[in-house]
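Please read the following note with the sequence and the model open beside it. The points are numbered so that each can be checked in turn.

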Amino acid sequence: MRKTIVAGNWKMNKTPKEALELIETLKPLVAGRDDVEVVFCPPFIDLMLAVEATKGTNIKIGAQNMYFEESGAYTGEVAPNMVKEAGCEYVILGHSERRAYFGETDETVNKKVLKAFEHELKPIICVGETLEQREQGITEDLVRMQTKIALKDVPAEQAVLAVIAYEPVWAIGTGKTATSVQAEEVCAAIRKVLCEIYDEETASKIRIQYGGSVNAGNAAELFAMPNIDGGLVGGASLKADFAKIVNF
Ligand code: PEP
């Protein structure tokens, strides 16, 4: 039985002070949902205080990215052990905004996934197609490839700790949500490729989220689909409404 996971990707929003305010607002609203894993992914600068502010609660903290080298002359980057030592349990990798604006590739995602596991961080691996790719009919081919490359050389015992977030790029921050049927179709295809890489048992343990304009109104229908195990939420994670998604 896979535990539903609802993660908030705060993106480049919330100063430390604002982060604390949001955490204090959400803490009581998501308390007591032991059947749902709740993860907040604030900007790097907020991570340590978010970890401190959520101690003893059901909220876990994740980073939105990290680099794949251990340390050194990589100005502006954040190393895996820094993310770990800050108290993070999760790290989002391969978000489409990082792929589009910061040169993230399937290969760098794979390097980061391997590093994350080395440091006992659980990766939330984002895959998904653009509108053009969907219209070309290559959605499943693309997410299969993204998933396969991201998990190259990852053994089954680590893969079961990963989360795959299916995020159609055309649905991110646009208010356009994939229908539950469209989302399920692709998540089922991802489950199938996990089964091909590993085996049925491993594939059945890996959680697959849907992301793309998830909100309080559509979460229940999406999360009810057999291969959708929760959501990666952007815009709606910055408001008290996020609690309604957790309590779908
Ligand atoms: C995201 O960035 O991961 C995301 C799903 O954003 P939004 O919910 O705003 O579409």
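The points below concern the ligand, the nonpolar cores and the cysteines.

1. The reader should keep in mind that this is a predicted model. The values cited in this note are to be read in that light.

2. Around the ligand there are 14 residues, and those that come nearest are Lys11, His95, Glu167, Gly173 and Ser213. By class, this shell comprises four nonpolar, eight polar and two charged residues.

3. Several polar atoms of the protein lie beside oxygen atoms of the ligand. In the side chain of Lys11, an N or O atom is 2.6 Å from a ligand oxygen. For Glu167, the distance from a polar side-chain atom to an oxygen of the ligand is 2.7 Å. Gly234 takes part through its backbone, where a polar atom is 2.8 Å from a ligand oxygen. The ligand exposes 290 Å² when taken alone, and the protein buries 96% of that area.

4. In soluble globular proteins, nonpolar side chains tend to be buried together. Here the largest nonpolar core has 64 residues, and Phe40, Ile164, Ile190 and Tyr210 have the most contacts inside it. Beyond its neighbours within four places in sequence, Ile164 is in contact with residues including Ile125, Val127, Leu151, Ile190 and Leu194. Thr147, Arg207 and Gln209 are also among the residues that Ile164 contacts. A second, separate core has eleven residues, among them Val39, Ile92, Cys126 and Val163.

5. How many disulfides does the structure hold? There are zero. Cys88 is in no disulfide, and the nearest cysteine sulfur, in Cys41, is 7.9 Å away. Cys88 is also buried, with a relative accessible area of 3%.

6. Why does Cys187 form no bond with the closest cysteine? The closest cysteine sulfur, in Cys126, is 12 Å from that of Cys187, which is too far for a bond. Cys187 is buried as well, at 0% relative accessibility.

Terms used: Residues numbered from 1 in each chain as written. Predicted model: local features only at pLDDT ≥ 70, side-chain atom pairs only at ≥ 80, totals over all residues. Heavy atoms only, no water. Near = heavy atom within 4 Å. Polar contact = N/O pair within 3.5 Å; in protein donor to acceptor, adjacent residues only side chain to side chain. Areas by Shrake-Rupley, 256 points an atom, 1.4 Å probe, with all protein chains shown as cover. Nonpolar A, V, L, I, M, F, W, Y, C, P; charged D, E, K, R; others polar. Core = buried A, V, L, I, M, F, W, Y, C linked by side-chain atoms within 4.5 Å. Buried < 20%, exposed > 50% of the residue type's maximum accessible area, 1.4 Å probe, protein only. Contact = heavy atoms within 4.5 Å. Disulfide = S-S within 2.5 Å.
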